[in-house]
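Hi,

Here is the structure I said I'd pass on to you. Have a look at it first, and then read my notes underneath.

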Amino acid sequence: TREVFLYGGIDVQGNILNDFWKFDLDTKTWTPIFARGNLPMELFGNTLFSDNYNYIILFGGKSENGVNSQTYKYSSID
């Protein structure tokens, strides 16, 4: 499956978001991801990448408090 992941962003009212989404490039559909554990704060301008071992890494970005220095790892494996 060819997928793109999105975390956070800014809505049309200027609110910083903390929602997590997956976009399937083949079916052109968005699916929300409901993650557990320590979730990142509301962020925009962050980077997500896959390490090819079923993990998605989030780092960087900005929040209302400035630059985010945390790194998060999301696993689709239970």
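Below is what I found, starting with the salt bridges and ending with a buried asparagine. Keep in mind as you read that this is a predicted model.

**Salt bridges**

The count comes to two salt bridges. One of them joins D26 and R2, with 3.0 Å between the closest N and O atoms. D26 sits in the loop between strand 2 and strand 3 (29–32), while R2 belongs to the segment before strand 1 (3–10), so this pair ties together parts that are 24 residues apart in sequence. As for how open the two partners are, D26 is partly exposed at 48% relative accessibility, and R2 is partly exposed at 48% too.

The other salt bridge is between the side chains of K22 and E3, at 3.5 Å from N to O. This pair also links distant parts of the chain, with K22 in strand 2 and E3 in strand 1, 19 residues apart. E3 has a relative accessibility of 33%, which makes it partly exposed.

**More on K22**

If you want to find K22 in the viewer, look in strand 2, which covers residues 16–24. Is K22 buried, exposed or partly exposed? K22 has a relative accessible area of 25%, and because buried would mean under 20% and exposed over 50%, K22 counts as partly exposed.

Leaving out residues up to four places away in sequence, K22 touches E3, V4, F5, T29, W30, T31 and I33. So the salt-bridge partner E3 is in that list of contacts, along with W30 from strand 3 (29–32). For a sense of distance, the C-alpha atoms of K22 and V67 are separated by 24 Å, and these two residues are 45 apart along the chain.

**N46**

The last residue I looked at is N46, in strand 4 (residues 44–50). Its relative accessible area is 17%, and since the cut-off for buried is under 20%, N46 is buried.

What does the side chain of N46 reach? It reaches the backbone oxygen of Y7, at 3.5 Å. Y7 also turns up among the residues that N46 touches, together with L58, F59, G60 and G61, again not counting residues up to four places away in sequence.

That's everything from my side. Shout if you'd like to go through any of it together.

Cheers

Definitions and conventions:
Residues numbered from 1 in each chain as written. Predicted model: local features only at pLDDT ≥ 70, side-chain atom pairs only at ≥ 80, totals over all residues. Heavy atoms only, no water. Helix = DSSP H or I, 4+ residues; strand = E, 2+ residues; numbered from the N terminus. Buried < 20%, exposed > 50% of the residue type's maximum accessible area, 1.4 Å probe, protein only. Polar contact = N/O pair within 3.5 Å; in protein donor to acceptor, adjacent residues only side chain to side chain. Contact = heavy atoms within 4.5 Å. Salt bridge = Lys/Arg side-chain N within 4 Å of Asp/Glu carboxyl O.
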